[in-house]
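Here are a few exercises to work through with the model open in your viewer. Try each task before you read its solution.

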Amino acid sequence: MTLARHVATLDLLRGRPFRDSGHHLAELAAADPSEEQTEAERTALAQLLAARWGPPDRLGLGTLSLRAGRGEHIPAPWDLLGEAVPDVELWRADGRWIALGVVRAAEDAYRILLCVTAVDPP
């Protein structure tokens, strides 16, 4: 049931027009907010999405903060994602990027971070 809600949220965000920010972000709660369970749910969600759009690319975001520190402009939402998650699984579908990562939302609580954007990754 949780995966069905995650897919419904994704489809809702994919269908919405972008406002000034050029992206939509959502935190998706796992059934058990532990890191292991959240990663397992992200993997299961990624498998469902791979059935739609093919296998994802895996994009490491660890260098974005370093690049920004050297003066390089990192566009939103990639600057936000780089601060929040070490990597994302990434698809391109219908002119939009869909990224999934795992963020630590609070002490010992994790969430799947979903991003839909038209902005190309840096």
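**Exercise 1. Work out how strand 4 and strand 5 pair, and over how many bridges.**

Step 1: strand 4 (residues 96-106) and strand 5 (109-117) pair in the antiparallel sense over nine bridges. This is a predicted model, where local features need pLDDT of at least 70, side-chain atom pairs count only at pLDDT 80 or more, and totals for chains, interfaces and linings use all residues. Residues are numbered from 1 along each chain as its sequence is written, and side-chain values use heavy atoms, with hydrogens and water left out. Strands here are DSSP runs (E, at least two residues), just as helices are (H or I, at least four), numbered from the N terminus; two strands pair if DSSP finds at least two bridges between them.

Step 2: pick out a bridge. Val102 has Ile112 as its partner in strand 5.

Step 3: check the turn. The hairpin has two residues between the strands, and Asp108 takes a positive phi near 55°.

**Exercise 2. Find the strand order of the sheet, and say which strands stand at its edges.**

Step 1: start at strand 5, which also pairs with strand 1, antiparallel, over seven bridges. Glu27 has its bridge partner in strand 5 at Leu113.

Step 2: go the other way from strand 4. Strand 3 pairs with it over five antiparallel bridges, and Glu89 is matched with Leu100. These two strands also form a hairpin with two residues between them, where Asp94 in the turn has a positive phi of about 55°.

Step 3: add strand 2, joined to strand 3 (residues 87-93) by four bridges, again antiparallel. Leu59 stands opposite Val88, while Asp57 has Leu90 as its bridge partner.

Step 4: put it together. The five strands form an open sheet in the order 1-5-4-3-2. Strand 1 (23-29) and strand 2 (57-60) are at the edges with a single partner strand each, so one side of each has no neighbour in the sheet. From one strand to the next, the twist averages 30° (axes are lines fitted to C-alpha atoms, for helices over the stretch in contact, with angles from 0 to 180 degrees between N-to-C directions).

**Exercise 3. Decide how many residues of strand 5 and of strand 3 are buried.**

Step 1: fix the cut-off. Buried means under 20% relative accessible area, exposed over 50%, and partly exposed in between (1.4 Å probe, protein chains only).

Step 2: count. In strand 5, eight of the nine residues are buried, so the rest of the structure largely encloses it. Strand 3 is mostly covered too, with six of its seven residues buried.

**Exercise 4. Is Arg42 buried or exposed, and which side chain does it make a polar contact with?**

Step 1: locate Arg42 in helix 2 (residues 35-53).

Step 2: read its relative accessible area, which is 1%, so Arg42 is buried.

Step 3: look for its polar partner. The Arg42 side chain makes a polar contact with the side chain of Asp87 at 3.3 Å. Such a contact is a pair of N or O atoms within 3.5 Å; within protein, one must be able to donate a hydrogen and the other to accept it, and residues adjacent in sequence count only if both atoms are side-chain atoms.
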